[in-house]
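Morning, everyone. I have one structure to walk through today. Please put it up on the screen.

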Amino acid sequence: MSTWDREADAFLGCTAAFDDAQAVIFGAPLDATTSYRPGTRQASRVMRAESYSIETYSPYQDLDLADFAVCDSGDLDLPFGNPARALDLIEERSRAILAAGKLPLMIGGEHLVTLGAVRAAARVFPDLHMIHLDAHADLRDSYQDEKLSHATVMRRCWELLGDGRIHQFGIRSGEREEIAWAKTHVRTRFFDLEGLGDTVRQLAGRPVYLTIDLDVLDPAVFPGTGTPEAGGLSFTDLLGAIRLAGSLNIVACDLNELSPPLDPSGIATATALKTMRELLLAVLSGRTRRL
Ligand code: MN
Ligand code: MN
């Protein structure tokens, strides 16, 4: 962090100082448990470097990042081979941002990073719900004998939140036992986003954590990820979901599972950047409307 220069190194348009910011970005470069095809630890660094290829203005929302105060606080310095310690550090950073009344936006890393941020948010907001966009249910109790894994992350979140608080969309992969378990504990919409509008109406006014595993997108538009699953959302579908969710009281959010080395064309990184811009604009404009 000693070499971090906010003005020079930050994501495009995200150069506000922490104290002035409405939202604070940080990178969580962890890919400890994605042993098959690693690379997500490079996501935040590559996204920053490529962020000058996109505009701060969104024609979709007619909003400009330049009109909002966003701080990019850099990447966490996470230890290799110690996911429990990494989660503690993620929780600590998330807690500091929440305590200052700001929106944390975390860039993974593999999806396990979400658990650290949800721990912090659940402590501040006991009534926390989650909207979870993903190709995978991520509800296994353990994966390769590990309790802390990208494949178990939502099960660990459920242990914090309880039944009926996790709302999954776009799911198209999971073990039989995992999917059977899901039926009585979480709300799962397979394959697409149908019902998201109803969920948004039900959750109005409640604190919501939005986690976007970018592999919910179709691999055609998002090839740079460790476990691509055919039959996913289009970018326009995802944008619609983000805009719907932006009307909610989103108290924290994350984007995860971009693995830049798996897509030399750079399409996936560009898609992740555009998703990040639209997410920030949707959530921050929603916050401003509610104030
Ligand atoms: Mn996931
Ligand atoms: Mn996934």
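Let's start with the manganese ion, ligand 1. Its donors are His111 (ND1), Asp134 (OD), Asp138 (OD) and Asp213 (OD), at 2.0 to 2.3 Å. Keep in mind that this is a predicted model. Along the sequence, the donor residues of ligand 1 are spaced H-x22-D-x3-D-x74-D.

Now, are two of those donors buried or exposed? I mean Asp134 and Asp138. Asp134 has 0% relative accessibility, so it counts as buried. Asp138 is at 5%, so it counts as buried too. The cut-off for buried is under 20%.

How far apart are the manganese ions, ligand 1 and ligand 2? They are 3.3 Å apart, and Asp134 coordinates both.

Next, the protein donors of ligand 2. They are Asp134 (OD), His136 (ND1), Asp213 (OD), and Asp215 (OD), which is listed twice. They lie 2.1 to 2.4 Å from the manganese ion. The spacing here is D-x1-H-x76-D-x1-D.

Look at where the pair Asp134 and Asp213 sits, because it links distant parts of the chain. Asp134 is in the loop between strand 6 (129-133) and helix 5 (153-161). Asp213 is in strand 9, residues 207-213. The two are 79 residues apart. Both Asp134 and Asp213 are buried.

Last stop, helix 9, residues 267-290. Its 24 residues should span 34 Å at 1.5 Å a residue. The end C-alpha atoms are 35 Å apart, which agrees. Of those 24 residues, 17 are buried, so helix 9 is largely enclosed by the rest of the structure.

That's my tour. Over to you.

Note on methods: Residues numbered from 1 in each chain as written. Chains lettered and ligands numbered in written order. Predicted model: local features only at pLDDT ≥ 70, side-chain atom pairs only at ≥ 80, totals over all residues. Heavy atoms only, no water. Donors = N, O, S within 2.8 Å, 3.2 Å for Na, K, Ca; no water. Helix = DSSP H or I, 4+ residues; strand = E, 2+ residues; numbered from the N terminus. Buried < 20%, exposed > 50% of the residue type's maximum accessible area, 1.4 Å probe, protein only. Expected span 1.5 Å × (residues − 1).
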